[in-house]
Amino acid sequence: MSVHPARPRSVDRRVRVQGRPVDAYPALPPEAERGSFRRVTVTGEEVLGRSCREVTGFGTPELSALIDDMFLTMHVAEGAGLAANQVGVGLRLFVYDCLDDDGVRHVGHVANPVLSLPGPRDRRLVDEFEGCLSVPGAAKVVPRTDRAVVRGFDKDGGPLVIEGTGYFARCLQHETDHLFGRTYLDRLTERDRRDALRQMTGRQEEVFAGRAERLARLGRA
């Protein structure tokens, strides 16, 4: 049997919007262009610690406006994902604008997501640093599976299936956790949790100042 060198894997570099590739997409999503900035909740606030309720108002202006606001807030805060309870709204909804490990950009929103992870035999855990917009200025290593699938609905009630690998899979897991009232702090040892909170205490004012500066540059302050 002859041995041939492995061929480089071909990757479709197009941006995935709601899981589908598009030929062109702006740096600032259209939702963010329409949105208004909302304050990001911080760990310890009650809304972050309880399970969110299901979205039922599909196709409403209120839901569309919330998604727009979440996109702008995520962009200003330099996040890869943002759950509704991170802007004080206890709904099962998150938005994302995240690169996977191949550098492919994924953009979209998911309502009422159901997360599926590989079974124990196929599961590969990856230890990487993880941060959270609601734990400003802190980052700790958190094990997550390298693949994840989320099934849910778009703002009009259309079904969605979003598949993620690498860092985008981590994002899907992180945001789904929020909707059950969990942050990545809940996955840490007590010692690491205390360290993350110390990091937050020392750095959060700098983070808040950066958000205010970026908001001002957009003319939204």
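**Close-up views of a predicted model**

**Figure 1. E78, at the end of helix α2.** Just after α2, residue E78 adopts a positive phi of about 60°. The coordinates shown in this and the following views come from a predicted model. Most residues other than glycine have a negative phi. E78 appears again in Figure 4, as one of the residues closest to the centre of the largest pocket.

**Figure 2. Confidence along the chain.** The chain has a mean pLDDT of 94, and 95% of its residues reach 70 or more. Residues 1-7 have a pLDDT below 50. In the model, this stretch makes 0 contacts beyond near neighbours in sequence. Where pLDDT is low, the predicted coordinates should not be read in detail.

**Figure 3. Helix α2 and the elements that cover it.** Helix α2 runs over residues 61-76, which makes 16 residues. From its first C-alpha to its last, α2 reaches 23 Å, close to the 22 Å expected at 1.5 Å a residue. Its buried residues are L63, L66, I67, D68, D69, M70, F71, L72, T73, M74 and V76. Two aspartates, D68 and D69, are thus listed as buried beside residues such as L66 and F71. The cover over the buried residues of α2 includes two helices, α1 (30-34) and α4 (190-217). Strands β3 (81-83), β4 (93-99) and β5 (105-116) are also included in this cover.

**Figure 4. The largest pocket and its lining.** The largest pocket holds about 450 Å³ of space. Its lining consists of 26 residues, and those closest to the pocket centre are E78, G79, G131, C132 and L133. Strand β6 (125-131), helix α3 (166-179) and helix α4 are the elements that give two or more residues to this lining. Sorted by class, the lining of the largest pocket contains 10 nonpolar, 8 polar and 8 charged residues.

**Figure 5. The second largest pocket.** The volume of the second largest pocket is about 230 Å³. There are 14 lining residues, and R16, D100, V104, H106 and E163 lie nearest the centre. Which strand gives the most to this lining? Strand β9 (residues 159-165) does, with 5 residues. By class, the lining of the second largest pocket comprises 4 nonpolar, 4 polar and 6 charged residues.

**Figure 6. Helix α3 and the residue that follows it.** The 14 residues of α3 should span 20 Å at 1.5 Å a residue, so the 21 Å between its end C-alpha atoms agrees with that expectation. Helix α3 is mostly covered, with 13 of its 14 residues buried. G181 follows α3 and has a positive phi, near 80°. Helix α3 also gives residues to the lining of the largest pocket in Figure 4.

**Figure 7. D177 and its contacts with arginines.** D177 is located in helix α3. Is D177 buried or exposed? D177 counts as buried because its relative accessibility is 4%, and the cut-off for buried is under 20%. Apart from neighbours within four places in sequence, D177 is in contact with R144, R182 and R187.

**Figure 8. R182, in the loop after helix α3.** R182 sits in the loop between α3 and α4. R182 has a relative accessible area of 34% and is therefore partly exposed. With neighbours within four places in sequence left aside, R182 is in contact with L48, D177 and R187. R187 is also in contact with D177. The C-alpha atoms of R182 and F37 are separated by 23 Å, and the two residues are 145 residues apart along the chain.

**Figure 9. V114 and N112, in strand β5.** V114 is part of strand β5. Leaving out neighbours within four places in sequence, V114 is in contact with V149, V150 and R151. V114 and M200 are 86 residues apart in sequence, and their C-alpha atoms are 30 Å apart in space. N112 also lies in strand β5. Its phi is near 50°, a positive value in a residue other than glycine. N112 counts as buried because its relative accessibility is 10%.

**Figure 10. Q18, in the loop between β1 and β2.** Q18 is found between strands β1 (15-17) and β2 (20-22). Although Q18 is not a glycine, its phi is positive, about 55°.

Notes: Residues are numbered from 1 along each chain as its sequence is written. This is a predicted model: local features need pLDDT of at least 70, side-chain atom pairs count only at pLDDT 80 or more; totals for chains, interfaces and linings use all residues. Side-chain values use heavy atoms; hydrogens and water are left out. pLDDT is the predictor's confidence in each residue, from 0 to 100. Contact means heavy atoms within 4.5 Å. The expected span of a helix is 1.5 Å times one less than its number of residues. Buried means under 20% relative accessible area, exposed over 50%, partly exposed in between (1.4 Å probe, protein chains only). On a 1 Å grid over the protein atoms alone, a cavity is a set of points where a 1.4 Å probe fits but cannot get out, and a pocket is an open set with protein on both sides within 12 Å along at least five of seven lines; lining residues have an atom within 4 Å of a point. Grid points are joined across faces, edges and corners, and a volume is the space filled by probe spheres set on the points. Ala, Val, Leu, Ile, Met, Phe, Trp, Tyr, Cys and Pro count as nonpolar, Asp, Glu, Lys and Arg as charged, and the others, Gly among them, as polar.
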